[in-house]
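Student: I have a new model open and I'm not sure how to start reading it. Could you walk me through it, one feature at a time?

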Amino acid sequence: MRVRELSLRNYRVFEELDLELPAGVIGIFGENGAGKTTLMESIAFACFGVDAARTKKQEIRTQGVLTDCAVRVVFEHGGRHYELRRTLRGRGSTPEAELFVGELLLASGTSEVDAEIRRILHMDLRVFRSSVFAEQKQVDALSSMRPAERKEMALLLLGIKPVDDARTNACREARAAKQSADELAGSIADT
């Protein structure tokens, strides 16, 4: 996933922000509270919805409930260009989402967009947070996991979890077949 554009409206410390992101390594620096972490969080929010935000959805908007909150991310993945839009509307901060591939609407509604993003990126919010960016004070996310959890995450990120699952099932079936063969051999020897 390569983020090309990021637009924020009424999102946390940003009343209005439009960024075009160049290819290559990007450094973000500034005073504490300037919004460095908020920029990264906004991408997670766009991809995975209100669960990705560090604050309650009612507190995400900087200008109150009369102004909608909108996050727009344009990204490239697998040779395709996507545009992802998330909004919070009205007093209840009702979430809405749309995902486009090129000019074509690919998914609409939070559940549909969430599922499509997980399918496209091959990761959920937990894997995204641990691999794409480390949140403030969370740099040790991978090191605090148990070895089995780290292995699971690595397999998901590399896209080889189905292969590993097939290998595990084949080993289990081979052990069961060997045990059955040993039992049959033992029963033949007893007769």
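**Reading the model together**

Tutor: Let's begin with the end of a helix: α2 is followed by His-122, whose phi is positive, near 60°. Keep in mind that this is a predicted model.

Student: Where does His-122 lie?

Tutor: His-122 lies in the loop between α2 and α3 (125–131). The phi value near 60° is a positive one in a residue other than glycine.

Student: Is His-122 buried or exposed?

Tutor: The cut-off for exposed is over 50% relative accessible area. His-122 has 54%, so it is exposed.

Student: Which other residue, not a glycine, has a positive phi?

Tutor: Arg-12 is one, with phi near 50°. You'll find Arg-12 in the loop between β1 (2–11) and β2 (14–20). Here the cut-off to remember is that buried means under 20%. Arg-12 has a relative accessible area of 17%, so it counts as buried.

Student: Let's zoom out. How many helices and strands are there?

Tutor: The protein comes to five helices and six strands. Going from the N terminus, the elements run β-β-α-β-β-β-β-α-α-α-α. Of the 191 residues, 32% are buried.

Student: How do I read a sheet?

Tutor: Start with the general idea: strands of a sheet pair through backbone hydrogen bonds, either parallel or antiparallel. In this model, six strands form an open sheet in the order β2-β1-β3-β4-β5-β6, and the pairing is antiparallel. At the edges sit β2 and β6, each of which pairs on one side only. From one strand to the next, the twist averages 15°.

Student: How many bridges join β1 to β3?

Tutor: Seven bridges join these two strands, which run antiparallel. To see the pairing at the level of residues, look for Arg-2, which stands opposite Glu-76 in β3.

Student: Now the helices. Which strands does α1 lie across?

Tutor: α1 lies across β1, β2, β3 and β4, and runs at about 95° to β1. Helix α2, for its part, lies across β3, β4, β5 and β6, at about 45° to β5.

Student: How do I check the length of a helix?

Tutor: Compare the distance between its end C-alpha atoms with the span expected at 1.5 Å a residue. The 13 residues of α1 should span 18 Å, and the end C-alpha atoms are 19 Å apart, so the two agree. For α2 (residues 110–121), the 12 residues reach 16 Å from the first C-alpha to the last, close to the 16 Å expected.

Student: How many residues of α1 are buried?

Tutor: In α1, 10 of the 13 residues are buried, so the helix is largely enclosed by the rest of the structure. Among them are Leu-39, Ile-43, Phe-45 and Phe-48. Just after α1 comes Gly-49, with a positive phi near 85°.

Student: And which residues of α2 are buried?

Tutor: They are Val-113, Asp-114, Glu-116, Ile-117, Ile-120 and Leu-121. Their cover includes α1 (36–48), β3 (69–77), β4 (80–89), β5 (94–101) and β6 (104–108).

Student: How should I think about residues that are far apart in sequence?

Tutor: Look at which ones come together in space. Among contacts between residues at least 6 apart in sequence, 49% join residues at least 24 apart. For a single case, try Thr-67, found in the loop between α1 and β3. Thr-67 and Asn-10 are 57 residues apart in sequence, but 7.1 Å apart in space, C-alpha to C-alpha. Setting aside neighbours within four places in sequence, Thr-67 is in contact with Asn-10 and Arg-61. At 31% relative accessibility, Thr-67 counts as partly exposed.

Student: Last one: what volume does the largest pocket have?

Tutor: The volume of the largest pocket is about 620 Å³. Its lining has 25 residues, and nearest the centre lie Val-3, Leu-21, Ile-26, Met-40 and Ile-43.

Student: Which element gives the most to that lining?

Tutor: That's α1, with four residues. β1, β2 and α1 each supply at least two residues of the lining. Ile-43 ties two of our topics together: Ile-43 is among the buried residues of α1, and also among the residues nearest the centre of the largest pocket.

Terms used: Residues are numbered from 1 along each chain as its sequence is written. This is a predicted model: local features need pLDDT of at least 70, side-chain atom pairs count only at pLDDT 80 or more; totals for chains, interfaces and linings use all residues. Side-chain values use heavy atoms; hydrogens and water are left out. The expected span of a helix is 1.5 Å times one less than its number of residues. Buried means under 20% relative accessible area, exposed over 50%, partly exposed in between (1.4 Å probe, protein chains only). Contact means heavy atoms within 4.5 Å. Two strands pair if DSSP finds at least two bridges between them. Axes are lines fitted to C-alpha atoms, for helices over the stretch in contact, and angles run from 0 to 180 degrees between N-to-C directions. On a 1 Å grid over the protein atoms alone, a cavity is a set of points where a 1.4 Å probe fits but cannot get out, and a pocket is an open set with protein on both sides within 12 Å along at least five of seven lines; lining residues have an atom within 4 Å of a point. Grid points are joined across faces, edges and corners, and a volume is the space filled by probe spheres set on the points.
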